[in-house]
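This report describes how one protein chain is folded. Please look at the sequence and the structure below before reading on.

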Amino acid sequence: MWLIPMVDRLITMDENDVFWHAFTTAFLLCVAFHFAFRAFFKRYFRDAYYTLNKSDRISLAEKTMSTAHGLLVGILAIKLIWVDDVWKEDVVDAWHPLLAWLFGTSSGYEVYDMLTMYFQYDQGILMWIHHLVIVLGYQICLTTHLMSFMAVLLLITELTVLPSNIHWYLKVLGKKDTRAFHFNQGLRLWSFVVLRLFMVPYALTRLYFERERFLELSLWVQCTAIGIACTLGYMNLHWTRLLWKIYQKRERLWQTRLRQAVEKKKAALAQKNGKANENEDKATERSHQEHPKSQ
């Protein structure tokens, strides 16, 4: 029941105050939990932890927060769009009071994630553009109360981090030869196809049917909205294409089982040959002892 007064307080607060309150809370929680999870992995997975490089050690905790963020914003976005029907009739002007909190929370996570990227040194430019474009989009929506449908719709794509992070954890923990890893490879690809590949086309299609109202907006709002949509749409297409190539080149489960059987057979044969060589050496040594060379 403690949630009710908190929600009532957020609704009565100024939107900018809600945004910055949510931003600060999310950022500080992400940082705190990052170090908490880092300590957890160092304590309970010590051997695996110290085999990782610096970037992967950061990712170990970061991907936990990434999963939490993806679940939170993805589920809320689905609820607002298809359960509450906030944008059923209007995808240009419709607004919901929860959005200030949602955008603030997600912005706090995005800034935290960029901070981890800064210390990793191996993150591509696309990820930086992706995060900055998202934060920019939140600010435009919050300032103008326009085009929030597109921003919320694209939050659903954050659900794809779940199979992606599971894939990474299974690799790090040495579980690439398991059925779970192979199943998750397909799940990761199809989550990108369903949740990333079609989201921007769907948003632009909805916008097309309300083009008269859209064309009444300021030119900078129109250009920014289309520019952000096309940028994120290109990234989604690029990442899905990469995953498709990886999936085509993957090792199938039956190939994994066959490789394991061959490796096991080779190991057994090597062990057998090792014992045979050891016995032969012992026999030679005994022979030399029994028939020493004449001085």
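In helix α10, the buried residues pack against α7 (148–155), α9 (179–197), α11 (211–214) and α12 (219–248). Here helices (H or I, at least four residues) and strands (E, at least two) are DSSP runs, numbered from the N terminus. Packing rests on contact, which is defined as heavy atoms within 4.5 Å. A residue is called buried when its relative accessible area is under 20%, exposed when this is over 50%, and partly exposed in between (1.4 Å probe, protein chains only).

The model is predicted, so local features need pLDDT of at least 70 and side-chain atom pairs count only at pLDDT 80 or more, whereas totals for chains, interfaces and linings use all residues. Residues are numbered from 1 along each chain as its sequence is written, and side-chain values use heavy atoms, with hydrogens and water left out.

## The chain as a whole

The protein chain contains 13 helices and zero strands. Of its 295 residues, 40% are buried. Among contacts with a separation of 6 or more, 80% join residues that are 24 or more positions apart.

## Helices and their buried residues

Helix α10 covers residues 199–208, and its buried residues are Met199, Val200, Ala203, Arg206 and Leu207. Viewed down the axis of α10, these buried residues fall within an arc of 125°, so they line one face of the helix; the arc is that of the directions from the helix axis to the C-beta atoms. An α-helix has 3.6 residues a turn, so residues three or four places apart point the same way.

Helix α6 (residues 125–144) has 20 residues, which at 1.5 Å a residue should span 28 Å, and the distance of 28 Å between its end C-alpha atoms agrees. The expected span is 1.5 Å times one less than the number of residues. Buried in α6 are His130, His131, Val133, Ile134, Gly137, Tyr138, Ile140, Cys141 and Leu142. Their cover includes α2 (15–44), α5 (98–120), α7 and α12. After α6 comes His145, with a positive phi near 60°.

For the twelve residues of α8, the expected span is 16 Å, in agreement with the 16 Å between the end C-alpha atoms. Its buried residues are Val161, Pro163, Asn165, His167, Trp168, Tyr169 and Leu170, and what covers them includes α2, α4 and α9. Gly174, which follows α8, has a positive phi near 75°.

## The nonpolar cores

A nonpolar core is a set of buried Ala, Val, Leu, Ile, Met, Phe, Trp, Tyr and Cys residues joined through side-chain atoms within 4.5 Å. In the largest such core, of 51 residues, those that touch the most other members are Trp87, Leu99, Phe103, Met147 and Val152. At least two residues of this core come from each of α2, α4 (54–83), α5, α6, α7, α9, α10 and α12. The greatest contribution, eight residues, is that of α12. Apart from this core lies another, of six residues, including Tyr49, Leu52, Leu60 and Trp168. In soluble globular proteins, nonpolar side chains tend to be buried together.

Beyond its neighbours within four places in sequence, Phe103 is in contact with Phe19, Trp95, Tyr138, Cys141, Ala151 and Val152.

## Individual residues

Is Glu158 buried or exposed? Glu158 is buried yet has no salt bridge, and Arg196, the nearest side chain of opposite charge, is 4.4 Å away. A salt bridge requires a side-chain nitrogen of Lys or Arg within 4 Å of a carboxyl oxygen of Asp or Glu; Lys and Arg count as positive and Asp and Glu as negative, while His and the chain ends are not counted. Glu158 lies in the loop between α7 and α8 (161–172). Not counting residues up to four places away in sequence, Glu158 touches His69, Gly70, Val73, His130, Ile134 and Arg196.

His34 belongs to helix α2. Leaving aside neighbours within four places in sequence, His34 is in contact with Ile58, Ala61, Glu62, Met65, Tyr112 and Thr116.

Asp85 and Met147 are set side by side below.

| Residue | Loop | Phi | Relative accessibility |
|---|---|---|---|
| Asp85 | between α4 and α5 | positive, about 55° | 35%, partly exposed |
| Met147 | between α6 and α7 | positive, about 60° | 6%, buried |
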